[in-house]
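Dear colleague,

I am passing on to you the structure we spoke about, which you will find just below. After it I set out what was found, interface by interface, so that you can follow along with the model open.

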Protein chains: 4
Amino acid sequence: MPDSRRPRSGNRRDEAARLAVLHAADDLLVEHGFAALTVEAIARRAGVAKQTIYRWWPSKVEILLDTLIEDSAKRFPVPEGKATAEAIRGYLRAFARFLTRDPAGKVLLALLAQAQHDPATAESFRERYLGPRREQERALLTRATEAGEIAPRLGPDAALDALVGPLVYAALTGAAVPRGMVSALVEDVLKPALPAN
Amino acid sequence: MPDSRRPRSGNRRDEAARLAVLHAADDLLVEHGFAALTVEAIARRAGVAKQTIYRWWPSKVEILLDTLIEDSAKRFPVPEGKATAEAIRGYLRAFARFLTRDPAGKVLLALLAQAQHDPATAESFRERYLGPRREQERALLTRATEAGEIAPRLGPDAALDALVGPLVYAALTGAAVPRGMVSALVEDVLKPALPAN
Amino acid sequence: MPDSRRPRSGNRRDEAARLAVLHAADDLLVEHGFAALTVEAIARRAGVAKQTIYRWWPSKVEILLDTLIEDSAKRFPVPEGKATAEAIRGYLRAFARFLTRDPAGKVLLALLAQAQHDPATAESFRERYLGPRREQERALLTRATEAGEIAPRLGPDAALDALVGPLVYAALTGAAVPRGMVSALVEDVLKPALPAN
Amino acid sequence: MPDSRRPRSGNRRDEAARLAVLHAADDLLVEHGFAALTVEAIARRAGVAKQTIYRWWPSKVEILLDTLIEDSAKRFPVPEGKATAEAIRGYLRAFARFLTRDPAGKVLLALLAQAQHDPATAESFRERYLGPRREQERALLTRATEAGEIAPRLGPDAALDALVGPLVYAALTGAAVPRGMVSALVEDVLKPALPAN
DNA sequence: TAGTAAGCGAGACGGTACGTCTCGTCTTTCT
DNA sequence: AGAAAGACGAGACGTACCGTCTCGCTTACTA
C-alpha cells in the first residue's frame, strides 16, 4: 500500500498531477472564464509546477481539449445503432442540454472561440474534436437517410451545420434555446416538403 | 466656412487619429489574427500614442466594434422596405458573403469569439451590435409573415437563429457555405409544410 | 478700475497668474515634496493652463528659483555695511534658521538636489543664485579680513564652503544643527590660532 | 567541491544578472546622469528583464545604494586601528578624492540629492549608508580624542559634519576642493586653540 | 543493493503587453 | 496677443504571464 500522505513523484507520470491539472483548468474556466485561465493559475490551483504542465501539454488549449473529449463522449455520445429520426432528435437535445446547462459546455464554446484567435487551436480543435465527431454524425445521418427515416434537402455536412449551427449560435450569443426548437429543426431540415420546390 | 483640410485639430478630437486607429486595428486583425492585436501594436501601426487610444476606447474590443458597426451597415444592411422572401434571401446571401469573403467578416467572428472569453465584450457586443441588428431583422420577418410571404414554424428569434446560426457556425469551423444553402434554409425554416405536422 | 470679478487675460502678462504659479509651486513642494511637483500639478493647483506656465518659465526649476531668490533676499540678506565677526555670525545664524525652520528652505535644498540630476538646473542655479550670493559673501569676508576682524587660514571661497558646507550638509542629511555650531565654526575657521602651524 | 564556473544557477539568484544590473546602473549614472537612469534603461543595458530588477530591488535607488556601499568600503574605508590625526587626514583625503575624482562619487551625490526628493530614499540612505559609516567615523574621532591626538571644540557628530560638510558642499556646487583644504579643516576643527576662547 | 534516470515542486530568467502617468508641444476659442 | 482647455506623440512606470531553464528531491527500474 502506497503512503497515502504523499505518493508523489517517482520516475513515471504522476496520475494525480494529471487529474489535478485537468480539474483545475475546468474549474477555473467555469469559475472565472477563459481570460483567467492562465497556465500559472492552473499550476497554482492544481498545486503543480508550471513545468509539469508544459512537459505534458503543449498549451492550455490541449488541456481543455482533453477534458472536452472525455466529457462529450460521456454526456452526448453519437448514437451508434438505431438511426431513427427520434435518435437524432435525442442526440440534438442532449447536445443542446450540454451547451446550455452543463458547465463543461463552456469548454466547447471557449475552444470554438479560441480557434478564431489562434490557428493552432483551430487545427487541433478540428483534428481532435470536430472532425471525429462530424464523421460519426455524418454516418448517423447517412444511415437514417438510407433507412427512409429522413430526406434532407441538403447534403449531410450542410444539414448537420443547419441542425447544430442554430444551437451553437444561440449559446454563443447567450440566447435561450426555446422549447421545441430541436423538433422544429429536425422537421424542417431533415423532412422538408420536397414536392413544394 | 471651416477650412476642410484642417491637419490637426487643437483641443478637439483628432479625426485622422481616429481613422488611423480603426484601420490599423482592422488591418492587424486580418493580417496577423486577434492574438497579435495588442493595443501597443495598433498604436505603433497607426502612428499614434497609446494614450490616445485609451482616451477614446476602453478596450481594443470597442475599436473592433466601431469598425464592425460601420462595415456591417455598408455591406449588408437589413432591408427596410420590401419584406419579400426574396429580400430575406438576398440579405442572408450578403451576410454569408460578408462572413466568408470579406476581410471585415473576420471582425465579427473575432468579437463573437472574444465575447465567450470576456463578459464585458459579450455585453458590449450584444448591446451595440447583435441587439440592434436583431431588432431590424425581427421586424423584417414579422412584416414578411404578415404579408403572407413566409410562414415560419418557429418564433421570429428562433427562426433567425435557425437561419443565421448555420452560416456563422460554418464560418467558425472553417467550413464552406455550399451553394444553395441559403435558399434551402429559407425554404425549410421559413416555408415549412405546416399541414404535414 | 478693473472688473474685480474677473480681470483675467487680455494681451498683457497676467500678474495674478504669475503669482498663483509661484505660490502653487511653493506650496506643493512643501506639502508633497519635489516628486509631486509636476507642471501639471502646479497648473491644476494654480488654476492656470499648462501652456501659461511653459510660456513664461522654461521649466519648473526656474519657477522655484524665482521664489527662492525673492525669499532669500528677504530672510537672510548678506550684510552690506558692517563687516564684523558678529555680522558674519548673524548672517550664518539666519541662513541656518532658513535651512532648518523655514518652509522655503526646502526650496534651496530641492534645487541643490535637482542640480545633481540635471546639468541645466546646475547651470541656472549657479548662475542665478549661488554665484550672485557668493559674490556678496566673498566681499563681506574680504572686508572683514581687511578690517582685522578675522584671519582665515583658507581663501575666501574655501572659507565660505567651510562655513556654509556643514550647515547645508546637516540639513541634507536631516541632522539638527546643534546650538553653538555656528559660533564654533566662525571661531575655528575664521580665527584660527595661526602661530600654531 | 562545488563547480565554481556554474553559468546559471537554476532556481537560485543569478549572480551574473546581479552584477550586470549594478554595473549598468553605475555606468548609466556616470554617462548620462540620474535623469536618464530609468529602470527600463538599466534593464536594457544590463541585458536583463525588467522583472528581474523588480524581483530583487524595490527601486533604482536601492541598486545605487548597493553599488555605493561596496565601492565606499573599497575606496575609503574608515581607519580601524590607528586613531591619529594623520589617519583622519588620510581618510578625509580619500573621501575628497572619491567625491571629486572617482566616477562612483557621483553615486553618493545622486543619492544624497534623491534623498531630498523622496522620503523613502532618505530613509534608506540614512539607514544603510550614512548611519553605519557615521558610527565608524564617530568611533574613530572618539578614540583619537581619548588618545590626545585631537581636541575638537564640537561634539563628534557636529565635528564630522564640519569636516565632511565642506567637501560634500563643494562637490555639490561643482567647486574644486583646493589643495590644503583637508589639512586646514583638520587643524581648525579638530585642534582649535581652545585656551584662546 | 546500489546506481541512474525520469518526474516533480519550486522558482529565476529574458521577454512582451498591460493600463496609467506625466512630459512638453500644439491648436482652438474666448477675452 | 494672452490665457484656459485639453488632445496629442512619446516613453517610463510597476505588474502579470509567457515559455524555458536549472535546482534538489523522490521514486522505480536496472545492473
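**Chains D and C**

Between them, chain D and chain C bury about 3,100 Å², and 67% of that area is on carbon and sulfur atoms. On the side of chain D, the residues that lose the most area to chain C are D:His117, D:Tyr169 and D:Asp188, which together make up 24% of what that side buries. Please keep in mind throughout that this is a predicted model. Counted by residues, the contact joins 37 residues of chain D to 38 residues of chain C.

Two salt bridges are found across the interface of chain D and chain C, and a salt bridge joins the side chains of C:Arg153 and D:Asp188, with 2.8 Å from N to O. D:Asp188 is thus worth finding on your screen, as this residue is also named among the three that lose the most area to chain C. In addition, eight residue pairs are in polar contact across the interface of chain D and chain C, both residues being at pLDDT 80 or more.

As for the elements involved, α6 (105–117), α7 (119–146), α8 (156–172) and α9 (181–190) of chain D each give two or more residues to the side that touches chain C. The largest share comes from α8(D), with 10 residues. Sorted by class, the residues on this side of chain D are 24 nonpolar, seven polar and six charged.

**Chains A and B**

Turning to the other pair, the contact takes 39 residues from chain A and 38 residues from chain B. Chain A and chain B bury about 3,100 Å² between them, with 67% of this on carbon and sulfur atoms. In chain A, A:His117, A:Tyr169 and A:Asp188 supply 24% of the area buried against chain B, more than any other three residues.

The count between chain A and chain B is two salt bridges, and the side chains of A:Asp188 and B:Arg153 meet in a salt bridge at 2.8 Å, N to O. There are also eight residue pairs in polar contact between chain A and chain B, with both residues at pLDDT 80 or more. The side of chain A that touches chain B draws at least two residues from each of α6 (105–117), α7 (119–146), α8 (156–172) and α9 (181–190) of chain A, and the largest share, 11 residues, is that of α8(A). By class, this side of chain A has 25 nonpolar, eight polar and six charged residues.

**Pairs of chains without contact**

Chain B and chain C are joined by no contact, and their closest C-alpha atoms lie 13 Å apart. Chain B and chain D likewise have no contact between them, their closest C-alpha atoms lying 17 Å apart.

**DNA strand E**

Around DNA strand E there are 44 residues, of which the closest are A:Asp14, A:Trp56, B:Tyr54, C:Gln51 and D:Trp56. Which elements supply this surface? At least two residues each come from α3 (50–56) of chain A, from α2 (39–46) and α3 (50–56) of chain B, from α2 (39–46) and α3 (50–56) of chain C, and from α3 (50–56) of chain D. The residues of the surface near DNA strand E divide into 10 nonpolar, 18 polar and 16 charged.

Of the atoms of DNA strand E within 4 Å of the protein, 62% belong to sugar or phosphate, and the rest belong to bases. A phosphate oxygen of the strand is 2.6 Å from an N or O atom in the side chain of B:Tyr54, and a polar side-chain atom of A:Thr52 lies 2.7 Å from a phosphate oxygen of DNA strand E. For A:Arg12, a polar backbone atom is 3.5 Å from a sugar or linking oxygen of the strand.

**Within the chains**

Over all chains, the count comes to 72 salt bridges. One of them joins the side chains of B:Glu40 and B:Lys50, at 2.7 Å from N to O; B:Glu40 lies in helix α2 of chain B and B:Lys50 in helix α3 of chain B, 10 residues apart.

Finally, an unreviewed UniProt entry carries the annotation "domain: HTH tetR-type" for residues 15–75 of chain A. In the model, this span is 80% helix and 0% strand, and its end C-alpha atoms lie 23 Å apart.

With kind regards

Notes:
Residues numbered from 1 in each chain as written. Chains lettered and ligands numbered in written order. Predicted model: local features only at pLDDT ≥ 70, side-chain atom pairs only at ≥ 80, totals over all residues. Heavy atoms only, no water. Contact = heavy atoms within 4.5 Å. Buried area = accessible area lost by both parts, 1.4 Å probe. Salt bridge = Lys/Arg side-chain N within 4 Å of Asp/Glu carboxyl O. Polar contact = N/O pair within 3.5 Å; in protein donor to acceptor, adjacent residues only side chain to side chain. Helix = DSSP H or I, 4+ residues; strand = E, 2+ residues; numbered from the N terminus. Nonpolar A, V, L, I, M, F, W, Y, C, P; charged D, E, K, R; others polar. Near = heavy atom within 4 Å. UniProt positions renumbered as here; feature names shortened; annotations may be inferred.
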